[in-house]
Structures are given as structure tokens and as C-alpha cells.
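User: I'm new to this structure and would like a close look at a single part of it. Could you pick a spot and walk me through what surrounds it?

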Amino acid sequence: MSDDAAQAAKDHLHQCLRWAREDVLRKLDGLDEYDVRRPMTATGTNLLGLVKHLAFYEASYFGFVFGRPYPEPIPSVDEDFRNEDLMWVPAAESREQVVAGYRRACRHADDTIEALPFDATGRVPWWGANDVSLCAVMAHMLGETRQHLGHLDVIREQLDGRVGGDVEQLSPAQEADFARRWRRAERAARVAGNRFVPAGFTAPTQLVADRFRLEPLGPQHNEADHAAWMSSIEHIRQTAGYPDGDWPPADGMSLEENLADLTRHAQDFETGRGFTFTVLDPADGDVIGCVYLYPAADEHDVVVQSWVRADRAELDTPLADAVAQWIVRDWPWRHPDRCGR
């Protein structure tokens with residue numbers, strides 16, 4: 001590597017380290033003394049303790065490792081060293097002291113980085129007996145800082161929902177989007193972890209009543225299903241269980257788009273991600289409605305939604321009640337969300 005290339009690599013690593021340090025301190029902004037010290041994991045991980053931990057390693061890796069001892073007392077890494085003792089902050093030690101200590105340790109590290117060539121060598125006792133380069137230590141400290149920045153980010157999100165480098169207050173749209181993403185991930189986790197239906201469960205494939213029968217929805221129902229809901233958009237959008245106004249789409253959809261939707265539902269049924277049933281007229285087999293059984297993302301274990309065509313509106317409540325009884329009798333769920341029915 002040429003001298004110019006080495007200097008460019010060193011400058012880049014150093015700038016990335018500076019950016020990461022700035023992000024670390026921003027994670028404390030706007031929080032009171034309790035929240036910056038509050039243990040957020042079983043091992044007591046907390047925001048201010050992580051800053052104190054990082055200060056120690058900045059002072060160590062760019063201090064005695066390269067023969068440039070940090071001018072302030074720091075713990076000795078010997079047989080009595082306990083890393084966990086640096087991961088919390090006693091009440092008598094102020095936030096200002098911890099932050100100022102981190103800044104001083106970073107300045108000392110910067111002085112070492114600027115004073116030494118990229119290939120300068122030192123010795124990290126806990127890495128073994130071999131010499132290590134300034135390049136390797138810079139890369140390690142950047143990784144250490146970024147790793148703990150991830151911890152800081154998750155903790156901050158748990159505390160007040162704020163994320164990102166500037167920990168800005170979430171807008172209502174962001175809060176709604178984050179909630180949607182959380183529900184999506186929770187539902188997927190319940191399916192993958194066999195929390196929606198038990199492993200090996202065989203889903204029922206029919207429900208028969210006097211005025212309707214149910215069978216799994218699939219591509220074979222495309223034309224009749226499309227006609228059923230396209231003729232009843234306003235009626236369905238006013239039905240309990242469809243409060244967000246996202247479905248059915250007010251402008252409808254094409255037959256091809258509907259086929260893709262039905263194919264997805266059939267795949268969900270096959271893999272146990274969700275169970276969708278078409279509601280048929282027992283007399284002529286025409287589609288008159290639909291029933292959806294999908295994972296909940298709260299204290300319920302399943303969300304139950306159903307609709308019928310506008311010209312069969314009198315079947316709405318009987319269908320919902322029949323499905324509720326069916327769930328009790330033939331399905332594994334005990335806490336269904338019937339969407340207000």
C-alpha cells in the first residue's frame with residue numbers, strides 16, 4: 001500500500017470513528033437522569049454505562065497499547081479486572097462527568113491516531129503476545145463503538161420510541177408505520193414459531209351450515225370472488241372488522257390482481273400462515289362472502305374477519321357466529337379477536 005493510500009484509509013477510518021462517537025452521545029439527548037442510567041436488560045445494560053465502557057476502551061486502546069498512557073487513572077486490565085464494573089454509573093457520578101470523560105478519552109485517542117503512522121505497532125495484552133497495528137486497533141475500536149451504538153439505539157427505542165442519529169420525536173405517520181411493522185414482524189414470528197397453530201396441526205377444510213358453506217379460497221374462485229366483493233365494496237367497508245378503509249380498495253382491482261391475491265391466500269393456507277375461506281351458497285355454489293383467520297399481534301391469538309355480499313347482508317351475523325362456534329370446536333385458538341362482533 002502506498003503512503004497516500006495508507007493515509008487515505010487511516011483518514012477514512014478515523015472519520016467513521018468520529019461519526020460513531022457523535023451518534024453515541026446523541027442517544028442521551030432529552031432523557032432524564034433515571035432513563036440514562038436505567039437497566040434495560042437482565043444484565044443491567046444502560047445508556048450511560050455504555051458510554052462509560054466506551055471511554056475506558058478509547059483510553060486503553062490508544063493509550064498504553066501504543067506507549068502513550070492516558071493521563072487520568074483508569075482500571076488496570078489484570079486478573080482482578082471486571083468489565084461489568086464499567087457498565088453502570090453510580091449515583092454520585094454525574095452524567096456530565098461521564099460524558100466529559102468520554103470526550104477526553106476520545107481526544108487522547110485522536111492525538112494518538114494523528115501522531116502515529118497507520119502501520120505503527122503496539123501490544124494489546126488481552127489479544128495475546130503478538131504486536132498489532134494502529135490500523136487493526138482503529139478498525140476494532142470502530143467495530144466496538146458501532147456494536148454498542150446498536151445497543152444504545154435499541155435501548156433508546158425501548159425508552160421513548162425515538163430512533164436514528166438525531167433521536168427526533170416520531171411523527172404520527174412514523175408511529176403508525178412503526179406499529180404496522182411491529183405487528184407484521186410479530187405475526188410472522190408467531191407463525192414461524194408455531195404460536196399461531198401448533199406444529200403438525202391439520203386445518204379444517206369445510207364448514208357447512210343451512211344457508212352457506214365454507215371451503216378454502218383459491219384461484220379456482222377468482223371470477224366469482226371478484227364479482228362478489230366488487231359488487232359490495234361500500235357494504236364491506238362498513239362491516240365490522242374492516243376499520244382502516246384499506247380493503248376492499250375503493251376503486252376495485254383487476255381480475256388479474258385478484259387472482260394474485262387468491263394465490264397468496266392459498267399459499268398462506270398451505271403453509272399455515274393464515275386460513276382464508278370462501279363462503280358459498282349451498283344451492284348453486286356461487287361466492288357470497290369470505291372468512292379470514294390470520295395471526296393477531298396482541299393478547300389475542302387470531303384475528304377473525306368476514307364479509308358477505310351486499311345482497312346477502314342478512315347473513316353477516318349468522319356467518320360470524322357460526323365461525324366463532326367453529327373456532328371453539330375445531331381450531332386451537334382460545335382468545336380470538338372477533339373485531340367487535
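Analyst: Sure, let's start with Ala240. Keep in mind that this is a predicted model. Ala240 has a relative accessibility of 33%, so it counts as partly exposed, because that label covers values between 20% and 50%. As for where it sits, Ala240 belongs to the loop that links helix H8 (233-237) with helix H9 (255-271).

Now for the company it keeps. If you skip the neighbours within four places in sequence, Ala240 is in contact with Ser306, Cys339 and Arg341. There's also Gly340: 100 residues separate it from Ala240 along the sequence, yet in space the two are 6.5 Å apart, C-alpha to C-alpha.

Let's follow one of those contacts, Ser306. Ser306 is in E7, where it stands opposite Val291. Strand E7 covers residues 302-308, and five of its seven residues are buried, so the strand is largely enclosed by the rest of the structure.

What does E7 pair up with? On one hand there's strand E6 (residues 287-294), which runs antiparallel to E7 and is joined to it by six bridges. On the other there's strand E8 (residues 336-337), which runs parallel to E7, with two bridges between them. One pairing to look for here is Val303 with its bridge partner in E8, Asp337. To get from E7 to E8, the chain passes through helix H10 (residues 316-330), making a right-handed β-α-β crossover.

Terms used: Residues are numbered from 1 along each chain as its sequence is written. This is a predicted model: local features need pLDDT of at least 70, side-chain atom pairs count only at pLDDT 80 or more; totals for chains, interfaces and linings use all residues. Side-chain values use heavy atoms; hydrogens and water are left out. Helices (H or I, at least four residues) and strands (E, at least two) are DSSP runs, numbered from the N terminus. Buried means under 20% relative accessible area, exposed over 50%, partly exposed in between (1.4 Å probe, protein chains only). Contact means heavy atoms within 4.5 Å. Two strands pair if DSSP finds at least two bridges between them. A crossover is right-handed if, with the strands pointing away from the viewer, the path from the first strand over the helix to the second runs clockwise.
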